[in-house]
Amino acid sequence: MNIETHALGPEQVLIVLDGRLDIAGTAEIEVAFSAVSSHAKATLVDLSATPFVASIGIRLLISNAKALARRGGRLIVFGAEPAVEKVLLTTGVGELATLVATRADADAALAALATAS
């Protein structure tokens, strides 16, 4: 699992994941993911190169979404392929995070979040 992070603006970060978010993949990126997300109010997560998400990967997304919500922020996930999106919706990630199809949709959700603050 590879992780790239990009600052988008004040308290806004993009996390790009590449690989399987299974036990091994989550272990590889969990500390970096949480550290980057902990300094943001809005975290965009690109799952377009993530073909599989296991329960431990779901836990990573949920725990970070909850931490962001406690700080008045939001986790915005985009680019999930249909099977991954179905898992995220079925497990309730969509209730804690914003799930959208594209980066443009994620940017629109980010802009809406910024104007609501």
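## Exercises on a predicted model

Glu-11 has a relative accessible area of 49%, so this residue counts as partly exposed. The classes are buried (under 20% relative accessible area), exposed (over 50%) and partly exposed (in between), computed with a 1.4 Å probe on protein chains only. The model is predicted, so local features need pLDDT of at least 70 and side-chain atom pairs count only at pLDDT 80 or more, while totals for chains, interfaces and linings use all residues. Residues are numbered from 1 along each chain as its sequence is written, and side-chain values use heavy atoms, with hydrogens and water left out.

**Exercise 1.** Locate Glu-11 and describe its phi.

*Solution.*
- Step 1: Glu-11 sits in the loop between β1 and β2. Strands (E, at least two residues) and helices (H or I, at least four) are DSSP runs, numbered from the N terminus.
- Step 2: The phi of Glu-11 is positive, about 60 degrees, although the residue is not a glycine. Most residues other than glycine have a negative phi.
- Step 3: β1 and β2 make a hairpin with two residues between them, and Glu-11 is in the turn.

**Exercise 2.** Trace the strand pairing from β1 to β2, from β2 to β3 and from β3 to β4, giving sense and number of bridges.

*Solution.* Two strands pair if DSSP finds at least two bridges between them.
- Step 1: β1 and β2 run antiparallel and are joined by seven bridges. Glu-4 has Val-16 in β2 as its bridge partner.
- Step 2: β2 and β3 run parallel, with six bridges. Here Val-16 stands opposite Asp-46 in β3.
- Step 3: β3 and β4 are also paired, in the parallel sense, over five bridges. The partner of Val-45 in β4 is Val-77.
- Step 4: Taking burial strand by strand, six of the eight residues of β3 are buried. In β4 (residues 74-78), four of the five residues are buried.

**Exercise 3.** Compare the span of α1 with its expected length, then find where the helix bends.

*Solution.* The expected span of a helix is 1.5 Å times one less than its number of residues.
- Step 1: α1 has 15 residues, so 21 Å is expected; the end C-alpha atoms lie 20 Å apart, which agrees.
- Step 2: α1 nevertheless has a kink of about 50 degrees, centred on Ile-29. The bend at a residue is the angle between axes fitted to the seven residues ending there and the seven starting there.

**Exercise 4.** Which residues of α1 are buried, and what do they pack against?

*Solution.*
- Step 1: The buried residues are Gly-25, Thr-26, Ile-29, Phe-33 and Ser-37. In an α-helix there are 3.6 residues a turn, so residues three or four places apart point the same way.
- Step 2: These buried residues pack against β1 (2-9), β2 (12-18), β3 (42-49) and α2 (55-70). Contact means heavy atoms within 4.5 Å.
- Step 3: Take Ser-37 in α1 (residues 23-37). Ser-37 counts as buried because its relative accessibility is 2%.
- Step 4: Neighbours within four places in sequence left aside, Ser-37 is in contact with Thr-43, Asn-64, Leu-68 and Arg-71.

**Exercise 5.** Repeat the span check for α2, and list what covers its buried residues.

*Solution.*
- Step 1: With 16 residues, α2 should span 22 Å, and its end C-alpha atoms are 22 Å apart, so the two values agree.
- Step 2: The buried residues of α2 include Gly-57, Leu-61, Asn-64 and Leu-68.
- Step 3: The covering elements include α1, β3, β4, α3 and α4 (93-96).
- Step 4: Just after α2, Gly-72 takes a positive phi of about 80 degrees.

**Exercise 6.** Are Glu-85, Ala-104 and Ala-108 buried, partly exposed or exposed?

*Solution.*
- Step 1: Glu-85, in helix α3 (residues 82-90), is partly exposed because its relative accessibility is 32%.
- Step 2: Ala-104, in helix α5 (residues 103-116), is exposed because its value is 56%.
- Step 3: Ala-108, also in α5, is partly exposed, with a relative accessible area of 47%.

**Exercise 7.** How many aromatic pairs does the whole structure hold, and which ring has Arg-20 over its face?

*Solution.*
- Step 1: Searching the whole structure gives zero aromatic pairs. Rings of Phe, Tyr and Trp (its six-membered ring) pair if their centres lie within 6.5 Å; planes under 30 degrees apart count as stacked, over 60 as edge-to-face and the rest as tilted.
- Step 2: Arg-20 lies over the face of Phe-52, 4.2 Å from the ring centre. A charge sits over a ring if NZ of Lys or CZ of Arg is within 6 Å of the ring centre and within 35 degrees of the ring normal.
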